[in-house]
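User: Please take a close look at one part of this model. I would like the salt bridges and the elements around them, in one connected account.

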Amino acid sequence: MDIGIAHPHALPVDAAPMGLAAADRAPLVDPFGRTISYLRVSVTDRCDFRCVYCMAEEMTFLPKVELLTLEELDRLCTAFIRHGVRKLRLTGGEPLVRRNVMSLFRSLSRHLRSGALEELTLTTNGSQLSRFAHELADLGIRRVNVSLDTLDPDRFAAITRWGKFDKVMAGIRAAQAAGLAVKINAVALKGVNDGELDRMLAWCGEEGLDMTLIEVMPMGDIGGEDRLDQYLPLSQVRRDLSERWTLTDIPYKSGGPARYVRVEETGRMLGFITPLTHNFCESCNRVRVTCTGQLYMCLGQDDHADLRAALRAADEDGPLDAAIAEAIGRKPKGHDFVIDRDNTGPAVARHMSVTGG
Ligand code: SAM
Ligand code: SF4
């Protein structure tokens, strides 16, 4: 049983953001002059898949009592929104396996209606989208990122270990039917899906989907797997794709770190997230919160701040505001990810599923 929330409808749904005095709304600007406008929140570290680059098959998850309740997650997100966060992405683990997660979407959607939030969205493996796509669309969610590394059902089973390909496909179709724009996120994996990227680009074109390719990042112990075996530099992928596709650089920005090109043959966008071959930290506008309320100022560094303690210190948001401001004041310049022969282990001990992708 989820300790999250006994009465989901007790979450504020149409209440105005709390405590809107001007001092409580100071924008979050880090020491390098970057304004923080994008928050990613991992609502659970659990997942119904075990992707080989993300998790070991045997995972020890956090005891549920350590998780922020759904009310606490709402309060925390609301504090960031008050301080100028305009884009909010819920992720995980798999966000849609957290019990009652729709009550959190429902309550946060009030910030869309008030105009305080420009975008509320999620990154999902798609396994539960058939159930939730319509409600998400009704709440004002406009787009979702669905992670899909292959179109081959056997390869899908090998990559995700526990995933059901048909369920994910049905989820993507349900999202489209509900009017959600779907972007496919695919991690480029050497010797696994690199021979399939043309087919995926063509399929995205046929289905009206944008796609983003992601370099595998050295995060967390993944059991027997070797990162160097998985790592495929996207600079190489782009060169290779350019031999068959016309890729035109475009200035589009999704709010995240991807750089985009238009695939002229399909008219769809293709993004590249290249933390290793091309560091994008200079324009970083993001911070991340884990499901236990730890604020990570950088995906690739260990420094963090305990917002759960600040949340629980008082019913009013003074300590929380102070903890957020103090943490943003030490956001580092960038990450130190490297994957090469001397660096095959994790750069940070936590898994991507802790801070969310
Ligand atoms: N479960 C959801 C999903 O898979 O979309 C959300 C969480 S998942 C951690 C978010 C994204 O991170 C996914 O697109 C996944 O492929 C990516 N990811 C996970 N581990 C990664 C790693 N070590 N390097 C690069 N991307 C990773
Ligand atoms: Fe789960 Fe997403 Fe990690 Fe795959 S990438 S194991 S779906 S959290």
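What follows covers the salt bridges that involve R82, then the helices and strands.

Analyst: A note on status comes before the details. This is a predicted model.

Start with the ion pairs. The structure holds 20 salt bridges. One of them joins D317 to R82, with the closest N and O atoms 2.8 Å apart. R82 sits in helix 1 (residues 70–82), and D317 sits in the loop between helix 10 (307–313) and helix 11 (318–328), so the pair ties together parts that are 235 residues apart in sequence. Are these two residues buried or exposed? D317 is buried, with a relative accessible area of 10%. R82 is buried too, at 6%.

R82 has a second acidic partner. It forms a salt bridge with D321, and here the closest N and O atoms are 3.2 Å apart. D321 belongs to helix 11 and R82 to helix 1, so this pair links parts that are 239 residues apart in sequence. D321 also counts as buried, because its relative accessibility is 13% and the cut-off for buried is under 20%.

The pairs do not stand alone. R75, R82, D317 and D321 are linked in a network of salt bridges.

Now the helices behind that network. The axes of helix 1 and helix 11 come within 11 Å and cross at roughly 60°. That makes helix 1 oblique to helix 11. The crossing is right-handed. Which residues make the contact? Helix 1 supplies R75, L76, A79, F80 and R82. Helix 11 supplies L320, D321 and I324. Three members of the network, R75, R82 and D321, thus appear in the helix contact as well.

For comparison, take a salt bridge elsewhere in the chain. The side chains of E135 and R106 meet at 3.2 Å, N to O. E135 lies in helix 4 (residues 129–138) and R106 in helix 2 (residues 101–108), so the pair ties together parts that are 29 residues apart in sequence. E135 is partly exposed, with a relative accessible area of 30%. R106 is partly exposed as well, at 23%. D317, by contrast, is buried, and so is R82.

Next, the strands. In strand 10 (residues 286–289), R286 and R288 point one way, while V287 and V289 point the other way. All four are buried. In a regular strand the side chains alternate between the two faces of the sheet. Strand 10 pairs with strand 1 (residues 38–42) in the parallel sense, over four bridges. In that pairing, L39 stands opposite V287.

Strand 10 also pairs with strand 11 (residues 294–296). These two run antiparallel and are joined by two bridges. R288 has Y296 of strand 11 as its bridge partner. The two strands form a hairpin with four residues between them. In the turn, G293 has a positive phi of about 85°.

One more residue completes the hairpin. T292 lies in the loop between strand 10 and strand 11. It is buried, with a relative accessible area of 9%. What does T292 touch beyond its neighbours within four places in sequence? Its contacts are L62, E66, L68 and R308.

To sum up, R82 forms salt bridges with D317 and D321, and it belongs to the contact between helix 1 and helix 11. Strand 10 has partners in strand 1 and strand 11.

Conventions
Residues are numbered from 1 along each chain as its sequence is written. Chains are lettered from A and ligands numbered from 1 in the order in which they are written. This is a predicted model: local features need pLDDT of at least 70, side-chain atom pairs count only at pLDDT 80 or more; totals for chains, interfaces and linings use all residues. Side-chain values use heavy atoms; hydrogens and water are left out. Buried means under 20% relative accessible area, exposed over 50%, partly exposed in between (1.4 Å probe, protein chains only). Two strands pair if DSSP finds at least two bridges between them. A salt bridge is a side-chain nitrogen of Lys or Arg within 4 Å of a carboxyl oxygen of Asp or Glu. Contact means heavy atoms within 4.5 Å. Axes are lines fitted to C-alpha atoms, for helices over the stretch in contact, and angles run from 0 to 180 degrees between N-to-C directions. Angles under 35 degrees count as roughly parallel, over 145 as roughly antiparallel, 65 to 115 as roughly perpendicular and the rest as oblique. A crossing is left-handed if the near helix is turned anticlockwise from the far one by less than a right angle, and right-handed if clockwise.
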